[in-house]
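Hi everyone, thanks for coming. Let me put the structure up, and then we can walk through a few of its packing details together.

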Amino acid sequence: MHALVVDDSRAMRRIVSSILSPLGFTPVEADHGATALAELERLTADGQVPVLACVDWNMPVMDGLQLVSAIRADRRWRDVTLMMVTTESEHSQIVRALAAGAHEYLIKPFTADAMADKLRYLGLVPAAVAS
């Protein structure tokens with residue numbers, strides 16, 4: 001079960017990946033939206049469409065909101081669950097992300113338990129694993 005981790009911070013990608021791995025995900029990392037789309041194309045060609053994408057908002061080249069919109073515009077990726085993982089905490093930003101197609105929103109800084117709770121809420125992690 002692949003998860004795409006998209007953040008321009010290598011440290012944050014590692015943190016998110018280290019949380020996802022014990023929960024049963026195989027993380028694939030990308031440093032901005034354009035590389036994330038390239039990884040999605042590659043994974044799709046290999047028949048391994050990720051079930052989850054954790055997306056930062058503020059990134060160079062293509063930001064997280066643009067990435068969410070691009071993923072939602074492509075029918076091949078309609079089953080990918082999108083979770084924004086970002087410092088953007090204003091209500092209007094959350095509304096924009098959800099309106100663009102994000103399923104969930106996690107504000108940095110966060111704990112591993114908070115991420116596991118969100119994934120359990122989304123039905124991506126069995127309750128026994130996430131507890």
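In which hand does α1 pass α5? The crossing of α1 past α5 is right-handed, meaning that the near helix is turned clockwise from the far one by less than a right angle (anticlockwise would be left-handed). Making that contact are Val 16, Ile 19 and Leu 20 of α1, with Ala 112, Met 115 and Leu 119 of α5; contact means heavy atoms within 4.5 Å. These residues divide into 6 nonpolar, no polar and no charged. Nonpolar here covers Ala, Val, Leu, Ile, Met, Phe, Trp, Tyr, Cys and Pro; charged covers Asp, Glu, Lys and Arg; the others, Gly among them, are polar.

A quick word on the source: this is a predicted model, where local features need pLDDT of at least 70 and side-chain atom pairs count only at pLDDT 80 or more, while totals for chains, interfaces and linings use all residues. Residues are numbered from 1 along each chain as its sequence is written, and side-chain values use heavy atoms, leaving out hydrogens and water.

Now the other helix pair. The crossing of α3 and α4 is left-handed. Here the contact involves Leu 65, Val 68, Ser 69 and Arg 72 of α3, and Arg 96, Ala 97 and Ala 100 of α4. By class, that gives 4 nonpolar, 1 polar and 2 charged residues.

Finally, is Thr 81 buried or exposed? Thr 81 is buried, at a relative accessible area of 12% (buried is under 20%, exposed over 50%, partly exposed in between, with a 1.4 Å probe and protein chains only). Leaving aside neighbours within four places in sequence, Thr 81 touches residues including Val 51, Arg 72 and His 103.

Terms used. Helix = DSSP H or I, 4+ residues; strand = E, 2+ residues; numbered from the N terminus.
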